[in-house]
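Biologist: I should like to learn how enclosed spaces, helix faces and cysteines are read from a model. Could you take me through them in turn?

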Amino acid sequence: MTYASFEAEIARINDVLCAVNLLTWDARTMMPPGGVDARGKQIATLVGLARDLATGDSLQRAIEDARAELAGAAPGDSRRLAVEQAAEAIGTLSRIPAKLVSDAAELNTVAQAAWSKARAANDFAAFAPMLERTMEMQREIAAAIGYAEHPYDALVGTYEPGMTWSRLQAIYGELRGGLLPLLARAKEASVRSEILDRAYPVEKQRAFSSLISSRFGYDFNRGRLDDTVHPFEISFTRSDVRITGRFRETWLPGGLFAVWHEAGHGMYEQGISEEFSRSVFTTDFVNLYAVGGTSFGTHESQSRLWENRVGRSRRFWELNFADLQKTFPDQLSDVTPEDFWRAVNAARPGFIRVEADELTYDMHIMLRSEIEAGLMAGDIRVSELPAIWREKIKSYLGLHVPSDTLGVLQDVHWSSGMVGSFPTYTIGNIMSSQFFAAACKERAIADGLESGDYLPLKTWLNGNVHQFGRSKSASQLLMDATGSDLSTTAYIADLARKVDDLTA
């Protein structure tokens with residue numbers, strides 16, 4: 001029963017990390033402000049415990065015993081894969097000093113609260129000291145993990161294994177070449193964008209976004225929707241997968257599409273094979289995170305697919321606008337499905353990444369990636385960030401940033417230590433189009449999207465993406481499901497077709 005002992009050791013680690021996730025969810029949704037310091041220590045204790053369990057002698061013996069037991073198993077045996085995958089990831093984790101892991105976990109919790117307060121007060125200076133320490137820690141972590149070319153590679157690779165800064169720069173170059181001409185054309189489209197700024201009561205926004213999330217296939221029996229400063233999804237096994245939203249009365253898309261984005265993440269976690277719960281294939285040992293998605297980019301592909309490929313499609317609004325109009329009869333009495341589809345697809349360069357249109361979204365990611373790479377290489381200092389942010393927004397989007405709240409303070413990622421995760425949003429955009437194109441080759445899926453039946457698409461994603469958890473790499477998953485590795489072709493083609501429709 002040596003493999004069973006290995007499974008039991010892994011399950012204990014996953015349990016601890018699920019408890020960390022629960023404390024994190026509470027800290028971002030319901031925890032009173034006074035709980036910040038104690039919560040930081042609680043999370044640090046549990047993360048430290050998880051690291052001790054993962055790098056300790058007990059698990060190492062279990063790995064060696066399981067290897068011996070499975071020596072005669074076929075190379076493709078899932079048990080052998082689990083053992084070797086755990087051993088490799090734990091080897092990387094072991095290179096990061098235990099105190100650094102614990103200190104970073106505590107800082108992240110405290111820094112998130114400081115960021116939230118600084119963001120509300122438009123006070124970057126109040127957050128800067130914690131950000132300085134965060135970046136110092138991330139440079140230490142990158143050095144501990146190791147890299148061949150650029151320190152940013154080590155951090156990006158923890159979220160998207162195999163990705164490097166040089167490869168990202170090539171991808172970004174392809175996207176700039178494809179998206180900038182489309183953006184110039186899209187700005188000429190006739191759009192009634194003002195209809196999105198009317199007063200839409202938040203409770204009704206929440207009700208409609210939940211209704212559509214259920215139609216897509218998000219299971220509220222194993223999930224829930226709560227409010228937060230910055231929307232996120234988090235899970236405690238596939239049986240409890242929670243999503244959050246951020247609603248503003250005078251900006252309808254911000255609430256609706258953010259919820260559908262998080263529901264896409266949620267359906268990924270809910271769709272992972274039950275046999276993988278509390279296993280290697282639902283545990284990220286390097287980031288000490290209980291998650292079933294094989295990479296952050298793959299996770300983003302699922303959220304962006306439902307948000308954009310489905311939720312921003314013309315046919316979706318032809319089918320679902322009547323329900324939205326019933327929800328907001330006064331606000332939408334003079335609006336047609338075509339008007340609304342055009343409005344939610346308008347090219348509106350803005351300051352906020354999570355509210356960006358499809359044609360400008362990746363520009364937000366590029367500038368953040370450039371800043372992160374500069375910070376990790378020591379070419380940019382934290383004190384320079386507000387000015388550099390303003391310069392890059394002017395260069396990429398032609399906008400003048402009016403405040404740090406709408407600029408360098410808008411994202412939660414740096415306060416939570418997630419340096420290197422931003423590129424995965426663009427990777428997810430690219431993958432979403434590849435998965436969607438492959439799925440739509442099946443007649444039942446195309447017919448379902450035409451009639452408003454989203455179950456065939458969800459079922460295809462369950463079978464080709466979700467169920468495998470972390471048992472397949474992102475590249476293998478993409479190749480098996482679509483027949484090709486990461487490519488910008490389908491994504492740029494999707495956006496080109498949309499611009500053609502908008503400007504026809």
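Biologist: How much space lies in the second largest cavity?

Modeller: Rolling a probe the size of a water molecule over the atoms shows where empty space is left. In this predicted model, the second largest cavity holds about 70 Å³ of space.

Biologist: Which residues line the second largest cavity?

Modeller: The lining consists of Arg-312, Val-344, Asn-345, Ala-346, Asp-357, Glu-358, Leu-359, Leu-495, Lys-498, Val-499 and Leu-502. At least two of the lining residues come from helix H14 (358–377), and at least two from helix H20 (489–503). H20 provides the largest share, 4 residues. By class, 6 of the lining residues are nonpolar, 1 is polar and 4 are charged.

Biologist: How many cavities of 30 Å³ or more are there, and what surrounds the largest one?

Modeller: The count is 6 cavities of 30 Å³ or more. The largest cavity contains about 90 Å³ of space. Its lining is made up of 13 residues, and those nearest the centre are Thr-237, Arg-238, Glu-269, Thr-282 and Gly-292. The lining of the largest cavity divides into 3 nonpolar, 7 polar and 3 charged residues.

Biologist: Let us turn to pockets. What is the volume of the second largest pocket, and which residues lie nearest its centre?

Modeller: The second largest pocket has a volume of about 860 Å³. It is lined by 36 residues, with Gly-157, Glu-160, Pro-161, Gly-162 and Thr-294 nearest the centre. Two or more lining residues come from each of helix H4 (78–94), helix H7 (151–159), strand E4 (283–284), helix H16 (423–439) and helix H19 (474–482). The greatest contribution is that of H4, with 5 residues. As for chemical class, the lining of this pocket has 16 nonpolar, 12 polar and 8 charged residues.

Biologist: Within helix H4 there is Gly-91. Why does Gly-91 count as partly exposed?

Modeller: Gly-91 counts as partly exposed because its relative accessibility is 28%, and the class runs from 20% to 50%. Along the chain, Gly-91 and Pro-161 are 70 residues apart, and their C-alpha atoms are separated by 15 Å.

Biologist: How does one read the faces of a helix? Which residues of helix H17 are buried?

Modeller: One asks where the buried residues point around the axis. In helix H17 (residues 443–451), the buried residues are Ile-445, Gly-448 and Leu-449. They lie on the same side of H17, because the arc they cover around the axis is only 95°. Arg-443 and Ser-451, on the other side of H17, are exposed.

Biologist: What covers the buried residues of H17, and what phi does Gly-452 take just after H17?

Modeller: The cover includes helix H11 (296–310), helix H12 (314–327), H16 and helix H18 (455–464). H16 is thus named in two settings, as it also gives residues to the lining of the second largest pocket. Gly-452, just after H17, takes a positive phi of about 90°.

Biologist: Finally, how many disulfides does the count give?

Modeller: A disulfide is a covalent bond between the sulfur atoms of two cysteines. The count here comes to 0 disulfides.

Biologist: Is Cys-18 buried or exposed, and what is the relative accessible area of Cys-440?

Modeller: Cys-18 is buried, because its relative accessible area is 10%, which is under 20%. Cys-440 has a relative accessible area of 25% and is therefore partly exposed.

Key: Residues numbered from 1 in each chain as written. Predicted model: local features only at pLDDT ≥ 70, side-chain atom pairs only at ≥ 80, totals over all residues. Heavy atoms only, no water. 1 Å grid on protein atoms, 1.4 Å probe; cavity = no way out; pocket = protein on both sides within 12 Å on 5 of 7 lines; lining within 4 Å. Points joined across faces, edges and corners; volume = space filled by probe spheres on them. Nonpolar A, V, L, I, M, F, W, Y, C, P; charged D, E, K, R; others polar. Buried < 20%, exposed > 50% of the residue type's maximum accessible area, 1.4 Å probe, protein only. Arc of directions from axis to C-beta. Contact = heavy atoms within 4.5 Å. Disulfide = S-S within 2.5 Å.
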